[in-house]
Amino acid sequence: AEIPTQRIDGRAVAEAVVAAVGAASARLTAETGIRPGLAVVLVGEDPASQVYVGAKGKRATALGFHSVQHTLPASTSEIELIALVEALNRDPEIHGILVQFPLPGRLDEARARVIEAIAPEKDVDGLHPLNVGRLAAGGEAMVPCTPAGAMLLIRRVLGPDLSGREAVVVGRSNLVGKPIAQLLLQAQATVTIAHSRTADLPAVTRRADILVAATGRPEMVRGDWIKPGAVVIDVGINRVAAPEKGPDGTRLCGDVATAEATGRAAAITPVPGGVGPMTIAMLMANTVKAAYRAAGWPAPP
Ligand code: NDP
C-alpha cells in the first residue's frame with residue numbers, strides 16, 4: 001500500500017528560524033548597542049562559492065547585522081589568509097567568521113590550518129577542532145550549519161527524542177555526515193555512518209527509520225533502498241542536465257530519487273527547498289549566538 005509522503009517545507013522552517021533570530025538580534029542591539037557581526041571570506045572566483053557568499057551576506061544585512069565580505073584574489077597565500085583571519089579574531093565588531101571552502105587550487109591544502117586559526121568562539125561554521133570535540137563530547141559547541149538545520153527538520157517531524165530509532169547517515173564528511181551523526185546520537189538514535197566503502201549499502205539504508213543522504217551523488221538513493229515509513233533527509237544539492245528544458249537545460253536534484261521515495265517514505269525534504277534554506281538560517285542563528293556570548297548573555301532561545 002502507498003504511504004502518504006509528507007514534503008518537509010525547509011523554506012517555511014527556515015523563515016521561522018530567521019524571524020526568531022531577528023527578534024533575538026533586535027533585543028541584543030536595543031539593550032547593549034551590539035549588532036551581531038558576520039565576516040565572510042571568499043578567496044578566488046568560484047561561481048558557486050560567489051553565489052553562497054552573496055546569499056549569506058544579503059541575509060545578514062537584511063537582519064540588521066554588521067556584515068562584511070572580504071574577497072581575496074586566488075593568488076592569496078596561506079600566510080595572508082591566516083593574517084586576515086587573525087585580524088578578524090581581534091575585531092570586536094565581528095562575532096562570526098566564515099571562510100568559504102573549497103579554497104582555490106593548492107591553497108585548499110591549508111584548509112585545516114586556516115580553520116584552526118579561527119577563534120573557536122567566532123567559528124560559526126563549527127569546523128574548529130575545539131567545536132568538533134565539544135560536539136562529540138556533548139559540550140556547548142558551535143554546530144555546523146547544515147547538520148544543525150537538518151536536525152531541526154528531523155525534530156519538526158519526530159520530536160526531540162529519537163530513542164529506539166535507527167538512523168543511517170550516508171556520507172562521512174567533516175562538514176555534513178559526521179556532525180549529523182553526532183547530533184542524531186545525542187538525540188538518542190542508534191546511528192550507522194555509511195560511506196563509499198560500505199558493503200551492500202541498500203541493505204544498510206533499508207534499516208533506517210531516519211535516512212540522511214549526504215553523498216553528492218545525484219539521486220543515488222533509490223526508492224527500494226528506503227524502509228517504508230522512514231523519514232528521509234536529502235542533503236545533496238546537485239546540478240544535472242535536464243534535456244527537457246532545452247539543449248543546455250539543467251535542474252537541481254538531491255542525493256535521493258525523490259519520485260521513487262514518494263509513496264514509500266513518511267516524510268522527505270525536497271531539493272531545492274529542504275535542507276538548503278536551513279543552512280543560511282542556522283548561520284544567522286550561530287552568529288547571534290556568538291554575539292550573545294560576546295556580550296556575556298546566555299544563549300538566545
Ligand atoms: P563530500 O564530497 O565531502 O562527502 C561525500 C561523502 O559521501 C563521502 O563521505 C563519501 O564517502 C560519500 N560517498 C560518495 N559516493 C558514495 C557512494 N557511491 N556510496 C556511498 N557513499 C558515498 O560532500 P559533502 O559532505 O560536503 O556534501 C554532500 C552533499 O551535500 C553534496 O551534494 C553537497 O552539495 C551537499 N551540501 C549541501 C549543503 C546545503 O546547504 N544543503 C551544504 C553542504 C553540502 P568516502 O568518505 O568514502 O569518500
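These exercises work through the ligand site, backbone geometry and surface of a predicted model.

**Exercise 1. The ligand shell**

Task: State how many residues surround the ligand, and break the shell down by class and by element.

Solution:
- Step 1. Count the shell. The ligand is surrounded by 22 residues.
- Step 2. Pick out the closest. They are Arg172, Ser173, Ser196, Gly216 and Thr279.
- Step 3. Sort by class. Eleven residues are polar, eight are nonpolar and three are charged.
- Step 4. Sort by element. Helix α10 gives the largest share, with three residues.

**Exercise 2. Polar contacts and burial**

Task: Find the distances from ligand oxygen atoms to polar atoms of serine 196, threonine 279 and valine 235, then give the share of the ligand that the protein buries.

Solution:
- Step 1. Take serine 196. A polar atom of its side chain lies 2.5 Å from a ligand oxygen.
- Step 2. Take threonine 279. An N or O atom in its side chain is 2.7 Å from an oxygen atom of the ligand.
- Step 3. Take valine 235. Here the partner is a polar backbone atom, 3.5 Å from a ligand oxygen.
- Step 4. Turn to area. The ligand alone exposes 930 Å², and the protein buries 71% of that.

**Exercise 3. Cis peptide bonds**

Task: Locate the cis peptide bonds that lead into proline 102 and proline 272.

Solution:
- Step 1. Phenylalanine 101 and proline 102 are joined by a cis bond, with omega about 0°. Proline 102 sits in the loop between β4 (96-99) and α4 (111-117).
- Step 2. Valine 271 and proline 272 are also joined in cis, with omega about 0°. Proline 272 belongs to the loop between β11 (267-268) and α10 (275-294).

**Exercise 4. Positive phi**

Task: Place glutamine 188 and glutamate 219 in the fold, and class their exposure.

Solution:
- Step 1. Glutamine 188 is not a glycine, yet its phi is positive, about 85°. It lies in the loop between α7 (177-186) and β6 (190-194).
- Step 2. Its relative accessible area is 48%, so glutamine 188 is partly exposed.
- Step 3. Glutamate 219 has a positive phi near 50°. Its loop runs between β7 (210-213) and β8 (231-234).
- Step 4. Glutamate 219 has a relative accessible area of 24%, so it too is partly exposed.

**Exercise 5. A surface patch**

Task: Name the residues of the nonpolar surface patch and class tyrosine 52.

Solution:
- Step 1. Val51, Tyr52 and Ile237 make the patch, of about 300 Å².
- Step 2. Tyrosine 52 is part of helix α2 (residues 47-62).
- Step 3. Tyrosine 52 counts as partly exposed because its relative accessibility is 42%.

Key. Residues are numbered from 1 along each chain as its sequence is written. This is a predicted model: local features need pLDDT of at least 70, side-chain atom pairs count only at pLDDT 80 or more; totals for chains, interfaces and linings use all residues. Side-chain values use heavy atoms; hydrogens and water are left out. Patches are made of residues with over 30% relative accessible area and no salt bridge: like charges are joined within 9 Å, nonpolar side chains (Val, Leu, Ile, Met, Phe, Trp, Tyr) within 5 Å. Accessible areas come from the Shrake-Rupley method with a 1.4 Å probe; for residues, only the protein chains shown count as cover. A salt bridge is a side-chain nitrogen of Lys or Arg within 4 Å of a carboxyl oxygen of Asp or Glu. Helices (H or I, at least four residues) and strands (E, at least two) are DSSP runs, numbered from the N terminus. Buried means under 20% relative accessible area, exposed over 50%, partly exposed in between (1.4 Å probe, protein chains only). A residue is near a molecule or strand if one of its heavy atoms lies within 4 Å of it. A polar contact is a pair of N or O atoms within 3.5 Å; within protein, one must be able to donate a hydrogen and the other to accept it, and residues adjacent in sequence count only if both atoms are side-chain atoms. Ala, Val, Leu, Ile, Met, Phe, Trp, Tyr, Cys and Pro count as nonpolar, Asp, Glu, Lys and Arg as charged, and the others, Gly among them, as polar.
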